[in-house]
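Hi everyone, thanks for coming. I'd like to walk you through one protein chain today, so please have the viewer open.

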Amino acid sequence: MTAAQENIDNPTAAMLREHFDLQRQHYLDAPNPSYDERKQDLQNLKRMISENAEAIIAAISSDYGNRSRHESQFAEIISVTDGIQDVVKHLKKWMKVQKRHVDLQMFPGGKNRVIPQPLGVVGMIVPWNFPINLSFMPLAAAFAAGNRAMVKMSENSIHLTRLLMDISPRYFPLEKLRFFEETGGVGIEFSKISFDLIIFTGSGQTGKSVMASAAQNLTPVVLELGGKAPAVIDRDYDLEKAVGRIMFVKQFNAGQICTNVDYVFVHESQRDEFVKLASAYAAKHCPDIEHTDYTSLIDDRAMARITDTLEDAREKGATIVNLCGDQPANPATRKFPMTAVMDTTPDMTIRNRETFGPLLMVMTYKEHQEVVDYVNSHDRPLALYPFTNDRKLQDMYIERVMSGGVTVNDALFHVAQHDIPFGGVGPSGMGHYHGREGFETFSKMRPVFYQAGFSAMQYLRPPYGKFATRVFDFLMKFKG
């Protein structure tokens, strides 16, 4: 197929390819931006958010139907601008060429270095639930590493996407950064481009498709996929404190967070007390789910999915407790009350799929090993939340239950730490970003060996004589 024919038959693919070629050419013309250039890019990224914060908050709320202003301020504005500033603070150190050890017996006079260099053009596929955080934090890592970026936003972030497409050229030329709207089929074609790296955040099923497309070009991928993240409360831990911290995270963004507490293990003697305290929390902090502080589910499909999950559990014998009292779900506003689901069985949907909403499955245990065994019998989660002041018990959970990350005695907040990496493991994802690890993910940490002016290797070339034999025999004994 000729290029002209491709433009006619698949204009979306042609448009994306054209822009990729533009960024690729500019990368080749100037492949290694200076520290000052990268710092300026990061400052422009920060200004793009801070100077348009009110418009960003309003656009996200429009996409949701209603998104709590305070939640947007915290998760999309404050956390992100602070994160970008932290990257600026450490950038010069991260960019330094690293000295590495060289075996002077084998290579006297030689030098080993690791040089961080930009990969080139990276592609980002961004979800709707935290669209600024999950685009601008990877962008900060990508720009710190000296790359250019194309960003494909979600079809559920249409108001925000159009805003970003409008304001972005004021801060970056298109050959540095461009946002793309999902108009149908864009994501499929986007993942087929031979980027130098693709980062995708979303469902596991879509992640598999992105990875399969990327494999056709041997494009490396970073996948953030979520999963069913558990919390477990030690019987000796302050139950009211644990409930307050878990419920805050559960109501935040209406539970639509990939690292949210999907289910919680409580000691069998404390189940009823847990539910009582959770109801008291909801009555105090979420007295009216129609209030603008309480975020809507993103769309009708999400509303139907949460409703169907709850009905499936109810029909199969689960105990359902509306933690918000008698407030019913409202399809018109897509507001859904926080709900505890107990007495679940393995055949229920809630046991097998990530909830991604305000439903909280409550399970019980007698011994801590039961928790370990249950979690380890399922896909490795993106996060683990043990609540205990017993250091040995904390270590036991961290050592014996593998997850992407851990917050001890709280939930979610390991994601907000700038100096530790964020990422999944196994079915919950692969690769890391945030902090130094983010810089390294978006860099080629390039190993370089500098040979000395004199090299003894010239005496060890074929045809191999007695001298070479004596040298190699000596080295085998000395290093063996």
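Let me start with a question: how far apart do the end C-alpha atoms of residues 34-446 lie, and how much of the span is helix and how much strand? The two end atoms lie 17 Å apart, and the span is 41% helix and 17% strand. I picked that stretch since UniProt, in an unreviewed entry, places the feature "domain: Aldehyde dehydrogenase" at residues 34-446. Please keep in mind that this is a predicted model.

Now the overall picture. The protein chain has 17 helices and 16 strands, and its C-alpha atoms fill a box of roughly 90 × 60 × 45 Å along the principal axes. Of its 480 residues, 52% count as buried. If we take contacts between residues at least 6 apart in sequence, 73% of them join residues at least 24 apart. On the outside, the accessible surface comes to about 22,200 Å², with 53% of that belonging to carbon and sulfur atoms. For those of you thinking about electrostatics, there are 53 positive and 57 negative side chains, and the centres of the two sets lie 10 Å apart.

Let's go inside. In soluble globular proteins, nonpolar side chains tend to be buried together. Here, the largest nonpolar core holds 120 residues, and the members that touch the most others are Met124, Ile233, Val264, Phe274 and Phe442. Helix 6, residues 133-144, gives this core its largest share, 9 residues. Apart from it there is another core, of 17 residues, including Phe190, Ile198, Phe200 and Leu225.

Zoom in on Phe274, please. Setting aside residues up to four places away in sequence, Phe274 touches Ile233, Leu239, Val243, Val264, Val266, Leu360 and Val362.

A little way back along the chain is Gln270, in the loop between strand 9 (263-267) and helix 11 (271-285). Is Gln270 buried or exposed? Its relative accessible area is 13%, so Gln270 counts as buried, the cut-off being under 20%. Beyond its neighbours within four places in sequence, Gln270 is in contact with Asp234, Arg235 and Leu239. You'll recognise Leu239 from the list for Phe274.

One last stop: helix 7, residues 158-167. Which of its residues are buried? They are Ile158, Leu160, Thr161, Leu163, Leu164 and Ile167. Among the elements covering them are helix 3 (35-50), helix 4 (53-64), helix 6 and strand 5 (177-180). Helix 6 is also the one with the largest share of the main core.

That's my tour, thanks for listening!

Conventions:
Residues numbered from 1 in each chain as written. Predicted model: local features only at pLDDT ≥ 70, side-chain atom pairs only at ≥ 80, totals over all residues. Heavy atoms only, no water. Helix = DSSP H or I, 4+ residues; strand = E, 2+ residues; numbered from the N terminus. Buried < 20%, exposed > 50% of the residue type's maximum accessible area, 1.4 Å probe, protein only. Contact = heavy atoms within 4.5 Å. Areas by Shrake-Rupley, 256 points an atom, 1.4 Å probe, with all protein chains shown as cover. Lys, Arg positive; Asp, Glu negative; His and termini not counted. Charge placed at Lys NZ, Arg CZ, Asp CG, Glu CD. UniProt positions renumbered as here; feature names shortened; annotations may be inferred. Core = buried A, V, L, I, M, F, W, Y, C linked by side-chain atoms within 4.5 Å.
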